[in-house]
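Hi everyone, thanks for coming. I'd like to walk you through one model today, so please have the sequence and the 3D view open.

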Amino acid sequence: MPGLCNVCHGGEPKALENGVYPNLGNTNTQWLPWDLDTLVYDTVDPALSRAAQEPQFKKFNQAVLATYPQPTTVTWTGSVAIPDNDVNGVTIPLTVSGVKGPINQVILSFDGNATTPGIAHPNSADIQIQLIAPNGRSVIICYGGGVNTPSPALGANLRNVYFSEDAEVPWFDRARSDLIRHPKGTRPAEYRGTYMPDGGDKLGRFNGLDPNGIWQVIVKDGGGGTTGTGTVNQWSLHFNGTPDAAYLPAPVELIRGWYGGASAANPTPNPTFNSQFVAKGWQVPAVSVNGQILNPSDLYLQVMGPTCRACHAQRGNMRRNEIDFASYDKFIGVYGKQIASLVYDKGLMPLARRTYQNHFWAKNGSTINPPAALLAKFLGINANTHQPGFPVADAGPDLMAIGFSAVPLGIPATLNGKGSVFATGYQWTIKSKPAGSATILGGATTVTPTFTPDIEGTYVFSLTVNNAKGISAPSVTTFYASASVSPSPVSFTTHVAPQICVTSGCHFDNRGPNYVDQNSIENSAIKYRRFIERIDLNDLKNSLLVKKMNGDVPHAGNAQFTNNLMRWIYEGAPNN
């Protein structure tokens, strides 16, 4: 039941662990905003007309907003020097009173204005921060002085930097995360945005406590980078809610935009729904695709809004907002290739059947200028000739590009064409192999043929598939065979679980019941499940784990994968 609802309502579906659904069944889903333009109204009964129903739908949308509470914020302002290379640093108390508890969320921010940052310092990598609750419980927010930090000179100052349990990337990984935040690879001169604390402790340690009393922030200069003093000028604690500046969920932006709300203080001032609202991330200049000048706002209003937005806006927290499609760049720039595959190759999106049949491919029953044609223009493809039903070959991921270095000599290896779609026939060929090799393909007309490499070197295979509509374009995959690779199967327990992901410094802290963690508190069966649920053996290329390896899914930090992982996947991902 929870997983079925998560498809549209977002959140994080889980599996039973020892016969019990984790976290009392809470998957952190959200209500869908009520998009009045996607509903059908009665044209006979005036009481059921859009005009009559609109005030009631506004109340529904206000109720949705209430599920995204604004925090209670308490702020310290002043100017205190941070001693250079000093083990004690500076301790700043903040008295909190009258805040309703207990704590279910706390966010620490270092604020600022146009002239003064929250923390002024020549090198953010030197800064160490600790937060202490009134009862003495403490959390390390970030280490400085060369411990779990990037190299020096990656940015000075902290201005409007938020530290949240739910942030997408940890503070120590901010250098690499900037490449995700800023697609062109630019790096800001100073740090802003929302980050996860990089200590072993988490801000969730404060949950359940009384927020009232004297809190303390300790700021030190670790001295591991450039020398220079700094000052703490403004910091805040935000209880039981998320400030807009830290993270504005797509549903909140939608509802405010529909009703003219400029802020949380007055989110829905207008009585009627604005059908022409365009989200901020889509308010970008016109683009040129194949010689055509196209307006992204048109794509938003005619395609993304009525076709995709209802479900994709529900990526309701910072960690799971990767496909919220909150911007044109994310929709086309990050996910364009995947959208083209899911929509035009496989016919899997739009997922809602009525949307798929009655709107996307045939707008209101007409095939003239359906949304499918407009989206195709932005993707640079022809919707008339590129439609679901034509065979599409998929020989698997580009192994050499994502860390699959070699297979052993003399051991049969299996090719995998299960990711192909609308295929009734398969034809594999050996496109190239090392000079002198006598290897042949076994089962060349099946979906999973085999070959046994006999000479060290590169083996390239091509796959075409067919159905009654024709033959697909070829898809190519490459293997490298080496005598130095162990012929024995890869063991999940020995080669995969202890080495992959968990050694990268990201998955060491038991972030949540659905993350792959290094901590040994979980049994081996649960750890295996958390790996295998990210692998689709029938479609390796689109498996989450593989897509993170090849960069198709935004991944905070460099992927640290080895040949063992891909060998294990290709060997069927056994629990051995």
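**A helix crossing, and what surrounds it**

Let me begin with a pair of helices: where α7 and α9 cross, the crossing is left-handed. I should say right away that this is a predicted model, so please hear everything that follows in that light.

To find the pair, look for α7 at residues 336-345 and α9 at residues 371-379. They pack at an angle of about 145 degrees, and their axes are 11 Å apart. Which residues make the contact? From α7 we have Gly336, Ile339, Ala340 and Tyr344, and from α9 come Ala372, Leu375, Ala376 and Leu379. By character, the contact of α7 with α9 has seven nonpolar residues, one polar and no charged.

Let's stay with α9 for a moment. Is it mostly covered or mostly uncovered? Mostly covered: of its nine residues, seven are buried. If you want to click through them, they are Pro371, Ala372, Leu374, Leu375, Ala376, Phe378 and Leu379. And what do these buried residues of α9 pack against? There are two strands, β11 (287-289) and β12 (292-294), along with the helices α5 (296-312), α6 (328-334), α7 and α8 (353-360). Just after α9 comes glycine 380, with a positive phi near 75 degrees.

Now over to a sheet. Four strands form an open sheet in the order β2-β9-β5-β6, and the pairing is antiparallel. The edges are β2 (90-96) and β6 (138-142); each has a single partner strand, so one side of each is left without a neighbour in the sheet. Going from one strand to the next, the twist averages 20 degrees. If you zoom in on the β6 edge, you will find four bridges joining it to β5, residues 127-132, with the two strands running antiparallel. To pick out one bridge, isoleucine 132 is partnered with serine 138 in β6.

Next, cysteines. How many disulfides does the structure hold? Zero. As a reminder, a disulfide is a covalent bond between the sulfur atoms of two cysteines. So why does cysteine 5 not have one? Because its closest cysteine sulfur, the one in cysteine 8, is 9.0 Å away, too far for a bond. Cysteine 5 is partly exposed, at 30% relative accessibility.

Cysteine 311 is worth a look too. Its closest cysteine sulfur also belongs to cysteine 8, at 3.1 Å, and that is still too far for a bond, because the cut-off for a disulfide is sulfur atoms within 2.5 Å. Cysteine 311 counts as partly exposed, with a relative accessible area of 27%.

One stop in a loop before we zoom out. Glycine 25 sits between α1 (2-9) and α2 (50-66), and at 30% relative accessibility it is partly exposed. Glycine 25 and lysine 14 are eleven residues apart in sequence, while their C-alpha atoms are 8.6 Å apart in space.

Finally, the whole chain. It has 13 helices and 19 strands, and 48% of its 576 residues count as buried. Taking the contacts with a separation of 6 or more, 69% come from residues 24 or more positions apart.

That's my tour, and I'm happy to take questions.

Key:
Residues are numbered from 1 along each chain as its sequence is written. This is a predicted model: local features need pLDDT of at least 70, side-chain atom pairs count only at pLDDT 80 or more; totals for chains, interfaces and linings use all residues. Side-chain values use heavy atoms; hydrogens and water are left out. Axes are lines fitted to C-alpha atoms, for helices over the stretch in contact, and angles run from 0 to 180 degrees between N-to-C directions. A crossing is left-handed if the near helix is turned anticlockwise from the far one by less than a right angle, and right-handed if clockwise. Contact means heavy atoms within 4.5 Å. Ala, Val, Leu, Ile, Met, Phe, Trp, Tyr, Cys and Pro count as nonpolar, Asp, Glu, Lys and Arg as charged, and the others, Gly among them, as polar. Buried means under 20% relative accessible area, exposed over 50%, partly exposed in between (1.4 Å probe, protein chains only). Two strands pair if DSSP finds at least two bridges between them.
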